[in-house]
Amino acid sequence: MCLTLLSICFLSACGANSENSKITADLVPVTGTATFKGKPLAGASITLIPQQGESGTQMASAVTNDSGTFELITPMPNVKLEDLKGAIPGRYKVVISKFLMPDGSALPPGTTEADAMTEGAKESLPPVYSNFEKTKLAADIKKETGEGTKLDFVLN
């Protein structure tokens, strides 16, 4: 019985790894920039959430650097970071969020948005960009050859 259970666990793990391999093989490199009121949007979270009815897609995210540029990753357990770069082809809602501490400063390095909110951090971007229910931002990721997809978000 133990041998049977061990075999089932092994086969399940192999299935998960082959599923992860298929997903990582389908990832399209996605890079871009985000600006707010004409300036680079540094330290913002960019999240692509599959549109309703999009099967086979998965959330992808990034954090912008000081120049407002980003590179999306699709998180998966037990996969190396360099293999997670990109997004699965499909249609997505886009949420862009940037929390600031009560004094207007950026979140301290390593602080999650949830932890920062307990310390009084507030969303600094309008809900039309930062709220899942209100965002009008969208992205269509297509399987392409070559350089991948470039997304530029110009927020006013």
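This dialogue walks through a few features of a predicted model.

Biologist: Glad to have company for this! How many aromatic pairs does the structure hold?

Modeller: There is 1 aromatic pair. In general, two aromatic rings are described by how far apart their centres are and by the angle of their planes. Here Phe70 and Phe153 make up the pair, with 6.2 Å centre to centre and 20 degrees between the planes, and it is stacked.

Biologist: Which parts of the chain does the pair link?

Modeller: Distant ones: Phe70 belongs to strand β5 (residues 69-71) and Phe153 to strand β10 (residues 149-155), 83 residues apart.

Biologist: Nice. Is Phe70 buried or exposed, and what about Phe153?

Modeller: The cut-off for buried is under 20% relative accessible area. Phe70 has 5% relative accessibility, so Phe70 counts as buried. Phe153 comes out at 6%, so Phe153 is buried too.

Biologist: Another ring caught my eye. What sits over the ring of Phe132?

Modeller: That is the charged end of Lys93, 4.0 Å from the centre of the Phe132 ring.

Biologist: Let's turn to a glycine. Where is Gly43 found?

Modeller: Look in the loop between β2 (39-40) and β3 (45-50). Gly43 has a relative accessible area of 43%, so Gly43 is partly exposed.

Biologist: Which residues is Gly43 in contact with, leaving aside its neighbours within four places in sequence?

Modeller: Val63, Thr64, Asn65 and Lys98. Try Thr64 in your viewer: Gly43 and Thr64 are 21 residues apart in sequence, yet their C-alpha atoms are 5.1 Å apart in space.

Technical notes: Residues are numbered from 1 along each chain as its sequence is written. This is a predicted model: local features need pLDDT of at least 70, side-chain atom pairs count only at pLDDT 80 or more; totals for chains, interfaces and linings use all residues. Side-chain values use heavy atoms; hydrogens and water are left out. Helices (H or I, at least four residues) and strands (E, at least two) are DSSP runs, numbered from the N terminus. Buried means under 20% relative accessible area, exposed over 50%, partly exposed in between (1.4 Å probe, protein chains only). Contact means heavy atoms within 4.5 Å. Rings of Phe, Tyr and Trp (its six-membered ring) pair if their centres lie within 6.5 Å; planes under 30 degrees apart count as stacked, over 60 as edge-to-face and the rest as tilted. A charge sits over a ring if NZ of Lys or CZ of Arg is within 6 Å of the ring centre and within 35 degrees of the ring normal.
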